[in-house]
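Student: I am new to this structure. Please take one part of it and walk me through it closely.

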Amino acid sequence: MTEKFTLIFATNNANKVQEIKSVLGNNFEIISLKEAGIDIEIPEPYDTLKENATEKSSVIFRLTNKNCFSEDTGLEVEALHGEPGVKSARYANEYPKFESNIEKLLYNLKDIKNRNAQFRTVISLIINKQEYFFEGICKGKIIDTPKGNEGFGYDPIFVPDGSNKTFAEMPIEEKNKFSHRKKAMQQLILFLSQNKTNFS
Ligand code: IMP
């Protein structure tokens with residue numbers, strides 16, 4: 001492995017890019033689609049996070065022939081049998097604002113006492129033409145009223161176990177102490193570090 005190992009991150013979500021870049025050590029460099037000059041919307045047509053993650057990394061690999069990874073994340077709510085899950089981005093409608101998704105979720109949880117939920121991230125890494133998967137989970141609770149202005153998505157209504165603040169009340173460094181995405185990314189980094197002699 002050369003000094004800096006470069007991977008394209010197959011996402012158009014600037015928040016995700018910022019979060020992932022904030023957990024990288026000095027040995028790795030992440031290039032977003034925007035930075036790679038790639039302007040495409042990659043569909044997420046499947047019923048599992050794993051299949052959607054594969055779709056995103058495969059599309060970018062076919063396009064660039066370069067090492068790359070993608071991630072797909074869902075909010076899985078216990079009382080709603082894992083919903084919105086893989087449909088988290090499009091829960092309220094096909095092109096919703098984050099606020100509409102939150103509104104729909106809070107409506108569906110009205111009068112429900114069990115507020116347990118988890119964020120689950122699946123990463124698909126394509127390196128030297130092989131695919132590897134990594135997963136990260138953050139357990140917590142859904143609150144009744146959105147709080148905080150940081151982050152994105154369902155952050156204003158999710159309080160991770162071990163904190164009394166929502167993700168949206170935390171700066172990135174604090175969210176990273178709990179974050180599903182960071183946990184999955186840490187595994188990817190460990191994997192690359194342990195196998196560095198095999199990759200270039
Ligand atoms: P996707 O992985 O881009 O399909 O993300 C699905 C949706 O899950 C996003 O549009 C967000 O609404 C939500 N989401 C993903 N990650 C997070 C997170 O870290 N915090 C809050 N919401 C998230």
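Tutor: One definition comes before the tour: a residue is near a molecule if one of its heavy atoms lies within 4 Å of it. Keep in mind that this is a predicted model.

Start with the ligand. It is surrounded by 16 residues. The closest are Lys 16, Thr 73, Asp 155, Lys 175 and Arg 181. Which element gives the largest share of this shell? Strand E3 does, with 3 residues. Helix H5 (180-194) also counts: E3 and H5 each supply at least two residues of the shell. So E3 is the part to look at.

Strand E3 runs over residues 68-77. Is it buried or exposed? Of its 10 residues, 10 are buried, so the strand is largely enclosed by the rest of the structure. Buried here means under 20% relative accessible area.

Now look at the side chains. In a regular strand they alternate between the two faces of the sheet. In E3, Cys 68, Ser 70, Asp 72, Gly 74 and Glu 76 point one way. Phe 69, Glu 71, Thr 73, Leu 75 and Val 77 point the other way. Residues on both sides are buried. Thr 73 is also among the residues closest to the ligand.

Next, the partners. Strand E1 (residues 5-9) pairs with E3 in the parallel sense, over 2 bridges. There, Phe 9 stands opposite Phe 69. Strand E5 (residues 116-127) pairs with E3 in the antiparallel sense, over 10 bridges. In that pairing Glu 76 stands opposite Gln 118.

Strand E4 (residues 84-85) is another antiparallel partner, with 2 bridges to E3. Glu 76 appears again here, opposite Pro 84. E3 and E4 form a hairpin, with 6 residues between them. In the turn, His 81 has a positive phi of about 55 degrees.

Return to the ligand. It sits in the largest pocket. Three side chains show how it is contacted. A ligand oxygen is 2.9 Å from an N or O atom in the side chain of Glu 44. Another such distance, also 2.9 Å, links a ligand oxygen to an N or O atom in the side chain of His 180. A ligand nitrogen lies 2.6 Å from an N or O atom in the side chain of Arg 181. The protein covers 94% of the 480 Å² of accessible area that the ligand has on its own.

Key. Residues are numbered from 1 along each chain as its sequence is written. This is a predicted model: local features need pLDDT of at least 70, side-chain atom pairs count only at pLDDT 80 or more; totals for chains, interfaces and linings use all residues. Side-chain values use heavy atoms; hydrogens and water are left out. Buried means under 20% relative accessible area, exposed over 50%, partly exposed in between (1.4 Å probe, protein chains only). Helices (H or I, at least four residues) and strands (E, at least two) are DSSP runs, numbered from the N terminus. Two strands pair if DSSP finds at least two bridges between them. A polar contact is a pair of N or O atoms within 3.5 Å; within protein, one must be able to donate a hydrogen and the other to accept it, and residues adjacent in sequence count only if both atoms are side-chain atoms. Accessible areas come from the Shrake-Rupley method with a 1.4 Å probe; for residues, only the protein chains shown count as cover. On a 1 Å grid over the protein atoms alone, a cavity is a set of points where a 1.4 Å probe fits but cannot get out, and a pocket is an open set with protein on both sides within 12 Å along at least five of seven lines; lining residues have an atom within 4 Å of a point. A molecule sits in a cavity or pocket if more than half of its atoms lie within 2 Å of its grid points.
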